[in-house]
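Grab a coffee and work through a few short exercises on the structure below. Each one gives a task, then a solution in steps.

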Amino acid sequence: MSADWKSPNKITALCPGSTWEGVSDIIVATRSGGIGSCNVQLKIYKEAVGWLKEVAVWTQEKYPLRRKNRVLSPSGGLEHDDALGLSVEGNELKYPVEELRQMFPDHTGDVGSEHFDPVYYLLENHYQTGFEDLQAGLGYLRRKVNGENESQISFIKGNVSSIMDQLDSLMSIKRQFEGDNKKHGAQPTASLEAAIAKAKKEADEMFKEVLGRKDGADATRNALNVLNRFKFLFNLPANIETNLAKGDFDRIIDEYERAKSLYGESESEIFQIYLQEVGQGVEKLKTRLLLKLQETGLTLDQQKKIIANLVQLNFEGDPAWECLQVHYREVLGRLDACRDEYIELNHTEVIAQPQFGVGASTPTSNQVLFPEDDQPNDGVPSPVMFIEQATGLVAQDFPALWKLGQAYFKGDLVVEPDGGKQTVFKEMILGGIRYYSNMIRSAVIPQTLKDFERNEYGLWRDDNIKVVGPWLPSCLRHVRKSYLSFIELDLPLQALNIVKRLTTDLRIQCLQTVFQTVVDQVHLLPDKEEFREDITDEYGAVTELPNLFEIIVIQSVQLIKESLLQEGKHEEDILSYNNAHDDLELMIQNVLSSFAITLENVVNEDYDSLRFAPTDSVKLLLCLNNCMFTQSQVLPKIQKAYQDVGHLSLERPIAEASKNYTVLHGKLFEAYLEQKCEQTVTNIEPSMYVGKFDWARCPRPVDARDYIKEIIHNVILVHSEVERISSISNPRHNYIAGILERVVETVAEEVNRLFCCIKRMNSNGCIQAWVDIQCLQESLKRYLNKAAGDFLADSAKPLKELERPGDRQVIDQCIEVFKDRMRLSLAALS
């Protein structure tokens, strides 16, 4: 229930009661969740409380006192005499408490407890006591019980006379009570009361009619005389009620002034009574006028008339100033009610963010990423609806408050203005605008407030920033409308600066959100990739992703202009801030470079769910073309669209983005080369030694071996794949020569390695090796660079020493056979 930390070794605590008795462990847990240790245990017992003992709890008196309490020892525990009258000072060995709990789970060794168990008591207190001592203790216990019984009998014997006197007195009272009941009944005063009431009723009936007629006649004559003479005054309360219902306040005021002038100084009691009735009606009129003055939607002339009426009625105070305060409180109250309503909705609603990913359609307008004001309320987050309604409330109520205040201090409201309140009114205006501004900040840009301010102006959900991000342009438009309405009122510059700072912060946050949202949506584009190829002569095969990237970025330009550029001369130029141009160029650079990350993710994405899932090599080639297409076609279009944004120079963002695409192009190109070279080279050695071929036992050659033909076919496959996807007319986008040269170089290097590893070779093997090298050179000569030629020449050097007369003719014949059989394949590489 409560705990007090004294030291690391001492904690005092008050614990709730428990029906369980016994020994238990003490567990100390800190508020942060840590668990401490305690070397002592807690002993729980029930203390029997007597009727004369002061305690801090309510005791159940229906249970008899079981045993007499003993005084608490200084250590805080209870000391009991041993029930057997034995000393336990030498008994140091105790029976384990845990075993006692297991043996007697629902019992205790406390003699005064309802769950007392004698075996538990003996094991707990006399574990080492001998049998003879226990027999002596039993005798002591019997003598003690017999002694208590004899003391009770002796008490009764010594007080027999007193007890009999008490019984006689009780019997006498009982007989007297029963006799009275028989003689007078259970309620003897009821009949007397009924007789008195009957006598009074008959007396009233005898004289009531006569006296009543006389009094009535006299009263009627007097009343008629007074009514005829002072008819105006007596009818005035009814007339006030009638005119009050009609709303004819001016007539009520005129008649009230006339009644005061005629009868205000009269000392007649009846006149004073009616004047009081008239005063009560006037008070109702004052209340009615005050309530009407607090209504919204009244024009300035209507407010002036009501204030003049209150002045005529001698209203205590300054009605015009009270009207100002009421309107001020009402403006803030309506803002509070609106905020509380939408905060409650905010904590329970589930708002779906605008989707642009799997299952979403291609964006065609700003509504997809940044919804417009005409969005149905079902999909609008509650903070955005709050801003829309709050700006409407301020635009409706604030101009009336400002105009009423101006009329008050100019003396246009009948009352004499109090010049000392002008400073207070200014603070009211500044406070109201500041309150409205901070409410808007708390709803959509809470990061611009301090922590204690966020608690004061409303705690919205933590994920609000992510949810309302796409709606920030709409929020900015609403705030700008309210700002323009404040400007038209000609408010003090200090008040306008509060809203100006709000619009500036919203524009900056909106600008950051637009750029970040564009980057996020560009990163989601891999989910839209379907690898539908668009074949062009200049750029080869490209997919739809570059166009989607261009659509998303260009659609954001209008929103960026709206957030960046000023509306009139009343907003700040956010580009005038330090490093503003550099920050904006960096954000544009991030947007332009974001598609490079998207293309890299496309390569690593798994598209097994597509009906047509291309191979990894085809994905690499398509991404290569998309990269070059974006760099040469898409970036210039985006640069043209950004030309009017803040008159920026986009040379640096375009240059940095181009570097990123160039680096990505190199990475994709190397990845494709690595994949194709690995696929081509991996099978050369197994094909060379297929069928356990041995160069030392090579038969007489008649053609190039099959591994040479397989190499050529693999090169043709690479050539076909690259030629189909890469550009035909533009040398910049034609990768055939560069890719095949690297592949052929890798093949030549692998062939050189394999020939260098041959340990023994017969004469036919030398001829066969020479044929293979010559056929490989002849087939791939168009794509042999210097390094590849050097590798093949190095492979042929050992063969010249083994050449014999007539071997050259065999080699030429084999080469001719190879050319004849491979003429179609060689034509593909020519």
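## Exercise 1: a nonpolar patch

Find the nonpolar surface patch built from Phe155, Ile156, Val160, Ile163, Met164, Leu167 and Leu170, and work out which helices supply it.

Solution. Keep in mind that you're looking at a predicted model.
- Step 1: together, the residues of this patch have about 670 Å² of accessible area.
- Step 2: helix 3 (131–158) and helix 4 (160–184) each put in at least two residues.
- Step 3: helix 4 gives the largest share, with five residues of the patch.
- Step 4: pick one of them, Leu167, which sits in helix 4. Its relative accessible area is 43%, so Leu167 is partly exposed; the partly exposed class falls between 20% and 50%.

## Exercise 2: classify a ring pair

Decide how the rings of Trp402 and Phe425 are arranged, and say whether each residue is buried or exposed.

Solution. A pair of aromatic rings is described by the distance of the centres and the angle of the planes.
- Step 1: the model has 11 aromatic pairs by the ring-pair rule. For Trp402 and Phe425, the centres are 6.0 Å apart and the planes meet at 20°.
- Step 2: centres must lie within 6.5 Å to pair, and planes under 30 degrees apart count as stacked. The Trp402–Phe425 pair is therefore stacked.
- Step 3: now see where the two partners come from. Trp402 belongs to helix 12 (residues 382–409) and Phe425 to helix 13 (residues 422–444), so this pair links distant parts of the chain, 23 residues apart.
- Step 4: the cut-off for buried is under 20% relative accessible area. Trp402, at 10%, is buried because of that cut-off, and Phe425 is buried too, at 3%.

## Exercise 3: a second pair and its cluster

Work out which helices are linked by the pair Tyr436 and Phe486, and which cluster these residues belong to.

Solution.
- Step 1: Tyr436 and Phe486 have 6.3 Å from centre to centre and 85° between their planes, an edge-to-face pair.
- Step 2: Tyr436 is in helix 13 and Phe486 in helix 16 (residues 472–488), with 50 residues separating them along the chain.
- Step 3: both Tyr436 and Phe486 are buried.
- Step 4: add Phe398, and ring pairs link Phe398, Tyr436 and Phe486 into a cluster.

## Exercise 4: one arginine, two rings

Find the rings that Arg705 lies over.

Solution.
- Step 1: start at Phe693, where the charged end of Arg705 sits over the ring, 3.6 Å from the centre.
- Step 2: go on to Trp695, whose face also has Arg705 over it, at 5.7 Å from the ring centre.

## Exercise 5: a hairpin

Say how strand 1 and strand 2 are paired, and which residue is the bridge partner of Trp5.

Solution.
- Step 1: strand 1 (residues 2–7) and strand 2 (residues 10–14) run antiparallel and are joined by five bridges.
- Step 2: Trp5 has Ile11 in strand 2 as its bridge partner.
- Step 3: two residues lie between the strands, and the strands form a hairpin.

## Exercise 6: two contrasting residues

Compare Met628 with Glu678: where does each sit, and is each one buried or exposed?

Solution.
- Step 1: Met628 lies in helix 20 (residues 616–641) and is buried, at 7% relative accessibility.
- Step 2: Met628 and Tyr661 are 33 residues apart along the chain, with 7.6 Å between their C-alpha atoms.
- Step 3: Glu678 is in helix 21 (residues 651–682) and counts as exposed, at 52%.
- Step 4: the C-alpha atoms of Glu678 and Thr746 are 8.8 Å apart, with the residues 68 apart along the chain.

How values were computed
Residues are numbered from 1 along each chain as its sequence is written. This is a predicted model: local features need pLDDT of at least 70, side-chain atom pairs count only at pLDDT 80 or more; totals for chains, interfaces and linings use all residues. Side-chain values use heavy atoms; hydrogens and water are left out. Rings of Phe, Tyr and Trp (its six-membered ring) pair if their centres lie within 6.5 Å; planes under 30 degrees apart count as stacked, over 60 as edge-to-face and the rest as tilted. Helices (H or I, at least four residues) and strands (E, at least two) are DSSP runs, numbered from the N terminus. Buried means under 20% relative accessible area, exposed over 50%, partly exposed in between (1.4 Å probe, protein chains only). A charge sits over a ring if NZ of Lys or CZ of Arg is within 6 Å of the ring centre and within 35 degrees of the ring normal. Patches are made of residues with over 30% relative accessible area and no salt bridge: like charges are joined within 9 Å, nonpolar side chains (Val, Leu, Ile, Met, Phe, Trp, Tyr) within 5 Å. Accessible areas come from the Shrake-Rupley method with a 1.4 Å probe; for residues, only the protein chains shown count as cover. A salt bridge is a side-chain nitrogen of Lys or Arg within 4 Å of a carboxyl oxygen of Asp or Glu. Two strands pair if DSSP finds at least two bridges between them.
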